[in-house]
Amino acid sequence: MTRALRRRLFAGASGLAVALSLGAGAAAAQTPQEAPAQEAAEIDEIIVTGFRGSLAQALNVKRREAGAVDVIMAEDIADFPDQNLAESIQRIPGVAITRDAGEGRNISVRGLGPDFTRIRINGMEALGTTGGTDSSGGTNRGRGFDFNVFASDLFNRITVRKTASADTEEGSLGATVDLEVARPFDYPGFTFAASGQMGWNDLAQNYDPRAAFLISNTWADGTFGALLSVAYSSREALEEGHSTVRWQGGNVGTGPGAVNAFTPRLPRYGILEHDQERLGVTAALQWRPSDRTEVSLDLLYADFSATRFEHFLQAPDFSAGGAGGRAGIVVLDSEVDANGTMVYGLFDNVDVRSESRFDQLSTEFTQLTLNVTHEFSDRLRMTGFLGSSTSEHDNPIQTTLLFDHANSDGYSYDYRSNPNLPMISYGFDVEDPANWTLSQIRLRPQTADNTYETAQLNGEWDISDSVTLSGGLFVKSYSFETTELRRDPASCGLAPTGNAEGCIPAGVAGTPLSSFSRLVGLADQWDIPTGSTLTWLIPDYHAADALFDFGSFPMSFIPSRGNNRSVEEDSQGAYIQAAFDTLLGEMPVRGNVGLRYIETDQSSTGYTLSAGAPVFTEASRSYDDLLPSMNLVIEPIQDLLIRFGAAKVMTRPGLGSLTPGGTVSVSGNNRTVSSGNPLLDPTRATTYDLALEWYFAPDSILSLALFRKEISSFVANDSVTQPFTGNSLGLPDSVAIAACGAVAGCSPTADWVFNQPVNTDGGDLDGFEISYQQPLTFLPGFLSNLGLLANYTYVDSQIEYPNGTTNTLTNLSKRAYNATLYYEDDRFSARVSGTYRDGYLTQVPGRNGNAIEGVVDTFNVDASASYNVNDQLSLTLEGINLTDEVPTQYVGIYNLVSVHHHTGRQFFAGFRYRF
C-alpha cells in the first residue's frame, strides 16, 4: 500500500473517530523530532496510526506548545468508553469530574472548581447549562460548564491550557479548555463513516441506543468543502439509595426523655428515574479562495432533553423545630455514639412523608462562528473572528406532590450495621392509600439562559525568523437570565410573598388518593439491612395531572423572586504578545511574553423586599484588569524540556452572587434566606508553573510539573444558621410568616439558614503533577503492542472562609490519579482505565450546624475493546463504571452520610463503519 493511500485511509477514519466516537486511524502524525530543523522535512515521512498514533500526535502538540497544555486527539476521544466530554477530559493530569445520574457533568482542574474553568468551542467562549437533582446542584445558574450537554463524538480535539498567555481569553484560574469540531479540510476529499451501539445497564435493566455519522467532501481542487456530523443517544438510567439531606443537632423529644444529639434531617430511601435524549449536530463550510486566504463557517447544535422522577419515603420531623417537629417526637429507645450522633432510635409520634417529583428538562445549545484568515505576506497575517452562542435551559415542569402520615408510632432507624444504608421501618402500612393525606402541591417551572457574542481582530508579524509580534482587539457581550415561578399565594388568600404550596384546593382534597397513587420499590436490595421498608405508595404525577390540570394553577414569580434575576457583562480590551524561538548558545529557547487589558462593565438585576413587597432592583459597576503573562521553554539537552510560566489571572464572581436581590424560601423543612452582593470583586491570583519534561523515547514522556496560585481575593459564601427573629438583615418576622404559609413546623423562631457571598483574603494553592506515557515496544513478541499512560496530581490550599475558619478550597481533591493500560495490533485493540479522585469539600461552613459538607473519594474503572473485521468495519465493546462506584456525599467532620446513591454498570456493544 502506498504512503499516500495509507494517509487517505488513516486520515478519513480518524476524522470520523474524532467527531463521532467511531475510532479508526489517526491522521498522519509526526513523532517528536530531534531538532526543529528536522521537523518540517520529516513530517510527511512518518505515519503513525491507530490509538497509539493519536497519543503520539497529542504528545507532539504538547511538546511544541510554549505553555503548559495537554491534548486529546482523534481516536483518543473516540476509543475511550465515554458518554460525554467530561469523561474524556478526566484522564488529563490535574482534571477531576463530578457526576450526575451516573455520567460526568462538570470538571475541576488543579483543585479549582467548574466556575474557575473557561470553555471555548471553536475558539469562542461558551457556556452550556442544564438541570440536575438537588443533590448534584439542581439547575445550573453558575459559570460552570455542563459537559453532559454534548457527546464526545462531536469533537476531534480537546486542549486543556493550564498556563495563561496574553492571546488567551481571561476568566480562568484553573484552565482554559478548547473544544474543536471537525472541518472538511481535515479530510482528503470524500469521507463517510457511521457507528451504532446498544447499551445495557445492570441496575436499570434496559437498552440504550447510540448512533452517529459523518459525511464530508471537498470540491474545486480542494478549495471548497462541506461537512455534516450527527450524534444521537438515548438513555434510561436508574439511581437508587439512601439520603438524609444533611444531619443536625439539638434535642429530640421533650422533658426527661429528650436526647441531645445529631440526627439525620430526612432519613429516607429514594428512587430516581432518568430518561435522557442527546442530539448533537455539527456543520462546517470552508473556502480557500487563494493560497493566502481561508474562510471557515461552523455551526454547532446540541439538544439535551430529559425527564426525571424522584421518589422518597422520609420522616420530616427530624428537620423541623417546635412541637410539630423534633420536640414533639417521643424517644422510646436510642443509641448515641461517642461523637454525639444518634445512630439508632425507636420513636413514637413521627410524621412520615412520601414525596414524588417530576421534572421535564431541555437544554438547546446553538453556536455559529465565522473565522477568516489572510496572509498579506510571508511575515504578516490577520485573523478576524465573529461568533454567537446561546444556551437555553428550560424546566417547564417541576412538580412535587407530598403524601403525609401524621404521628406514626414505632418508627425506627438504625445506622449501626451500615453507616450509609440504614435499616428504616415506619410503624404502619406505607402501601395503603387510606394511611396517607395529600399535603402539598409544589409547582416550580424555571429557566436559565446564557448568551455570548464575540468579535476579535488579531494580527501577527514575524519581525525576524525568531521573533513574532502579535496583538489584537476584542469585544465580548455576555448575558445571563434565569426565571422561576411558584404557585400564586393570592389564589389561596395569602400575602404576595406567602407560600401556597400547602394550599390544597377543595376539589383536589376531596379526590380519593387511590385514584392518583401507585407503588414503587427499589430494584436492587443492595446491602440494605433486613427489616427495611423498600416498597411504598407514591403520588402518581401523570394521573394527578390528568385529574387536576396543574397547568391551570395560577402562578407568580414573587414567592421565588430570588431566582428571577439577570447579569450582563460587556468587556472590551486588547493584548500584545511577543513570541520567540531561538538559540541561547546551542540551547533552544522559546516562549512568549505579553500583556492583556480588559475592562468589564457589569449590570445585574433582582428583587428585594420593601414593606413585605418585592421591589425590582438594578445595580451596575465597572472594573478593569491588567494581566501580564510569560511562558518560557528551554531545552538544555536533547529531549529534555524545562518550562516556566507566570501570570496574573482573574475569574469573575459567580452569577448567583451578583444579584442585588434576595430570597426567603421554604421548601418542606428547608428554610433559607439568601442575598446577593453585586459589588463583589473578581477572584484574582498570581500563578507560577515550573515543569520538567523528558521525552526519553519515541512517543514517550516522563514529566513533573509544579504549580502555585497565590489567590489574593476570593469569593466565599457566608452561611449562618439561626432563628429568623432578630436577623442581621433587618427582615421582619412577617416575611418569615408569609414564606412559611401553612408548612408545619415553620416559624420565625425556627432555625433558618442565612447565606450571603463575601470577598475574603483568599490564600495559596500549591501542587504538582507527575505524568508518564510510553508504548511498551521494547517488550518481546505480542507484548510489544502494549502501552501505558499514568498520571498523579497532588493539590493543597488554605483559604480563609467568612466564619473565621481556614480550610481547603471547595471542589479541591488533594490527590487524583488515573492510569490506562492498552493493547493494539493491526486487528485488535483493548484498554482498561482506572480513575481515582480524593474526597473534597462542597461547602464551608456547612449548613445546619455542620462544619463542612463534602464528597468521599471515588475510583472508577472503564474498559473498551475493538476488532477490525476489515479496513472499513470494526466491532466494539465498552464497559463504564465496572465496579458500580458510589460518590457518597457527607456532612460534618465525622462524615455523616448525606447522599449514597448508585447507578449501576453500563455496557455498550456496536460497530463502526468508514468509507
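Two strands count as paired when DSSP finds at least two bridges between them. With that in hand, turn to the structure, which is a predicted model.

Start with an open sheet of 5 strands. Its order is β1-β6-β7-β4-β5, and the pairing is mixed. Strands β1 (69-73) and β5 (124-125) stand at the edges. Each has a single partner strand, so one side of each is left without a neighbour in the sheet. Strands of a sheet pair through backbone hydrogen bonds, either parallel or antiparallel.

Now look at one pair within this sheet. Strand β6 covers residues 155-161, and strand β7 covers residues 175-181. The two run in the antiparallel sense, paired over 6 bridges. In this pairing, Phe155 stands opposite Val181 in β7. A helix joins the picture here: α3, residues 50-64, packs on the sheet and touches β1 and β6. The direction of α3 makes about 155° with that of β1.

Next, move along the chain to a nonpolar patch on the surface. Its members are Val593, Met630, Phe644, Tyr688, Leu690, Leu692, Trp694, Leu702, Leu704, Leu706 and Ile770. Together they have about 890 Å² of accessible area. Which strands each supply at least two residues of the nonpolar patch? They are β36 (683-694) and β37 (701-723). The largest share, 4 residues, comes from β36.

Finish with one residue of the patch, Leu706, found in strand β37. Is Leu706 buried or exposed? Its relative accessible area is 41%. Buried means under 20% and exposed means over 50%, with partly exposed in between. Leu706 is therefore partly exposed.

Terms used:
Residues numbered from 1 in each chain as written. Predicted model: local features only at pLDDT ≥ 70, side-chain atom pairs only at ≥ 80, totals over all residues. Heavy atoms only, no water. Contact = heavy atoms within 4.5 Å. Axes fitted to C-alpha atoms, helices over the stretch in contact; angles between N-to-C directions. Patch = residues over 30% accessible without salt bridge, like charges linked within 9 Å, V, L, I, M, F, W, Y side chains within 5 Å. Areas by Shrake-Rupley, 256 points an atom, 1.4 Å probe, with all protein chains shown as cover. Salt bridge = Lys/Arg side-chain N within 4 Å of Asp/Glu carboxyl O. Buried < 20%, exposed > 50% of the residue type's maximum accessible area, 1.4 Å probe, protein only.
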